[in-house]
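Work through the exercises below with the sequence and the structure at hand. Each task is followed by its solution in steps.

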Amino acid sequence: MECSENYQLLALRAPWIDIMKDIAPAVSPPVEIGDRKPANQAVLDWVQDVAKLTQPENVFWCDGSDRENEFLIEQSLQQDVLIKLNEKKVPRSYLHRSNPNDVARVEQFTFICTPTKEEAGPTNNWSDPAETYSKLQEMLKGAMRGRTMFVIPYIMGPPDSPLTKVGFEITDSKYVVLSMRIMTRMGEVAVKRLGNDPKAEWNRGVHSLLDVDPTRRFICHFPQDNAIISVGSGYGGNVLLSKKCLALRIGSYLARKQGWLAEHMLILGVESPEGKKHYVAAAFPSACGKTNFAMLIPPKHFDGWKVTTVGDDIAWMRIRDGRLHAVNPENGYFGVVPGTSYKSNPNAMKSIEHDTLYTNVALTDDGNVWWEGKDGPPPKHAIDWKGNDWTPDSKEKAAHPNSRFATPMRNNPVLDPDVEKGEGVPISAIIFGGRRSDTLPLAFQAFDWNHGVYLGATMASETTAAATGAVGQVRRDPMAMLPFCGYNIGDYFRHWIEIGKRLSNPPLIFNVNWFRKGENGKFLWPGFGDNMRVLKWIIDRCEKTGGAVESPIGWLPSPHDVDLEELDVEHKCIVEILGIDHEEWQKELNAHKTFFDSLGGVVPEELLKQREKLAARFKL
Ligand code: OXD
Ligand code: MN
């Protein structure tokens with residue numbers, strides 16, 4: 001059969017099209033696959049309880065081995081969970097299509113189930129833990145009949161880090177197992193780290209696809225129990241429980257209790273031609289370019305400068321010798337695909353050319369993947385993310401705007417050599433940034449720690465396709481943690497302030513905005529590699545060599561403080577993007593007030609004072 005026919009045939013089959021067919025039929029592994037039970041009695045008891053409730057056909061104990069992975073890939077191909085891509089074009093890579101009703105995180109169905117509503121705070125959906133457990137148990141009753149229940153042991157963080165956490169995820173989705181193997185350090189390493197102590201700390205995560213019905217889709221967190229239950233979805237952010245659920249929501253709760261920070265931040269290293277290296281952590285909301293920034297290639301003019309990636313989405317930071325040190329708890333990248341190209345992010349392109357699990361991108365007739373914004377002309381024909389024929393004349397997008405790649409971090413050609421360092425990397429600067437068409441200048445620096453916390457707390461961004469709901473609306477997203485803070489946001493702000501008091505050598509705090517537009521509606525700044533110019537200014541400030549002028553909002557670079565050599569942007573655009581408009585800032589100040597007021601009295605006094613000081617500086 002011709003390759004093209006082959007791929008078109010495959011495209012027509014998707015498990016969710018056939019409503020009579022179970023979307024997750026059981027697998028029967030041969031001996032020595034799926035039988036490596038851990039010894040810890042607490043894990044065994046919990047698995048038994050969940051099996052009693054969900055009644056799977058069999059239990060599969062994952063060990064993360066290559067054999068296991070090969071077996072599960074083969075089964076997933078047979079069950080149409082995966083489509084194999086052209087081995088020559090994208091070796092060892094696969095395409096998965098999620099149900100079209102299930103393509104993004106569902107913030108409206110995400111709950112923090114603390115004993116009181118107040119503990120979850122004004123920005124989270126709250127539900128009573130006892131009621132929620134019983135509602136979910138009802139849904140999970142017999143939910144895995146005819147299915148295999150997979151038990152995935154994993155750790156978040158480098159194996160020898162004091163911050164590292166153990167988790168176990170139970171799931172009936174093969175796609176989840178295959179993705180968790182990429183996104184976490186999975187298998188034996190976790191079983192070893194947990195050991196035999198039945199009282200050891202570990203996260204209990206239960207996931208079932210159920211019937212992927214949006215009316216029965218809930219992502220629930222029980223911080224006090226270190227437990228997560230996710231039902232009714234197969235989309236990464238809702239079901240790879242290591243990521244948003246453990247590393248951020250439960251993680252932030254544990255971090256406050258234990259005195260560290262769990263943040264929605266990339267971590268990158270930047271090394272000068274002289275070999276001087278700094279690490280920075282940056283919080284941008286979902287789909288606002290964290291992966292691009294973490295893999296940035298400096299423009300030609302910055303010959304000899306090197307940027308390396310520690311993490312692209314999550315930073316866990318603790319205090320060591322008076323400084324913040326960060327680790328990336330993850331093992332892979334779950335990045336947004338559309339817009340990724342050799343022009344925008346060559347390192348991401350190199351990372352996803354092999355050993356990659358794609359979700360909801362288009363399939364070309366020769367078995368390759370395609371998406372809007374990929375280099376070169378669009379294919380004349382493809383199968384879109386829903387499995388339908390697509391041509392450049394189609395009105396629909398070929399790839400879903402939130403289509404994703406899951407790829408091991410080791411694929412990244414600029415992976416930082418210290419990514420496995422248990423003590424973490426020392427952080428010189430923290431950067432906050434949103435997607436704002438107006439008001440926020442390209443970059444500025446906070447006057448001090450508490451002012452920096454205020455910048456983070458009042459951050460706003462235009463919404464993206466990473467979560468269901470309207471796209472392009474400005475919403476406050478404090479520290480890019482609005483959907484991910486697992487407890488009361490007021491207590492979270494307080495925790496940041498308290499951490500600051502314990503730092504003898506705190507990172508400097510900055511705000512950036514790559515997305516400001518001019519009057520013609522066009523972006524003023526080219527972004528991508530040219531963001532190195534801003535990064536360089538930030539490093540200069542850390543080194544105390546960079547210039548800035550004092551302004552009401554903080555230290556602002558003037559055009560000669562930023563290296564703009566060989567940049568093809570008109571000077572008037574530079575002046576505009578570096579400047580602040582007092583009228584716009586009056587509106588911004590009012591928006592800060594409205595936001596703080598909407599939080600119903602939880603905002604720490606220190607931040608209310610910061611707002612007053614900001615307002616006063618504008619009046620001077
Ligand atoms: C992500 C997100 O997937 O933030 O990282 O939605
Ligand atoms: Mn994210």
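**Exercise 1: a helix pair**

In this predicted model, helix 16 (residues 582-598) and helix 17 (residues 605-619) pack at an angle of about 160 degrees, with their axes 11 Å apart. State how helix 16 is oriented to helix 17, and describe their contact.

Solution.
1. Angles over 145 degrees count as roughly antiparallel, so helix 16 is roughly antiparallel to helix 17.
2. The crossing of these two helices is left-handed.
3. Helix 16 contributes His-582, Trp-585, Gln-586, Leu-589, Asn-590, His-592, Lys-593 and Phe-596, and helix 17 contributes Leu-607, Leu-608, Arg-611, Leu-614, Ala-615 and Phe-618.
4. Sorted by class, this contact holds eight nonpolar, four polar and two charged residues.

**Exercise 2: a second partner of helix 17**

Helix 12 (residues 449-457) and helix 17 have axes that come within 9 Å and cross at roughly 90 degrees. Classify the orientation and list the residues that meet.

Solution.
1. The range for roughly perpendicular is 65 to 115 degrees, so helix 12 is roughly perpendicular to helix 17.
2. Asn-450, His-451, Val-453, Tyr-454 and Ala-457 of helix 12 meet Glu-606, Leu-607, Gln-610, Arg-611, Leu-614 and Arg-617 of helix 17.
3. Five of the contact residues are nonpolar, three polar and three charged.

**Exercise 3: the metal site**

Which residues coordinate the manganese ion (ligand 2), and with what spacing along the chain?

Solution.
1. The donors are Lys-244 (NZ), His-264 (NE2) and Asp-313 (OD), at 2.2 Å.
2. Along the chain they follow K-x19-H-x48-D.
3. His-264 lies in the loop between strand 12 (261-263) and strand 13 (266-271), and Asp-313 in the loop between strand 15 (306-311) and strand 16 (315-320), 49 residues apart.
4. Both His-264 and Asp-313 are buried.

Note on methods
Residues are numbered from 1 along each chain as its sequence is written. Chains are lettered from A and ligands numbered from 1 in the order in which they are written. This is a predicted model: local features need pLDDT of at least 70, side-chain atom pairs count only at pLDDT 80 or more; totals for chains, interfaces and linings use all residues. Side-chain values use heavy atoms; hydrogens and water are left out. Donors are N, O and S atoms within 2.8 Å of the metal (3.2 Å for Na, K and Ca); water is not among the atoms, so sites may look incomplete. Helices (H or I, at least four residues) and strands (E, at least two) are DSSP runs, numbered from the N terminus. Buried means under 20% relative accessible area, exposed over 50%, partly exposed in between (1.4 Å probe, protein chains only). Axes are lines fitted to C-alpha atoms, for helices over the stretch in contact, and angles run from 0 to 180 degrees between N-to-C directions. Angles under 35 degrees count as roughly parallel, over 145 as roughly antiparallel, 65 to 115 as roughly perpendicular and the rest as oblique. A crossing is left-handed if the near helix is turned anticlockwise from the far one by less than a right angle, and right-handed if clockwise. Contact means heavy atoms within 4.5 Å. Ala, Val, Leu, Ile, Met, Phe, Trp, Tyr, Cys and Pro count as nonpolar, Asp, Glu, Lys and Arg as charged, and the others, Gly among them, as polar.
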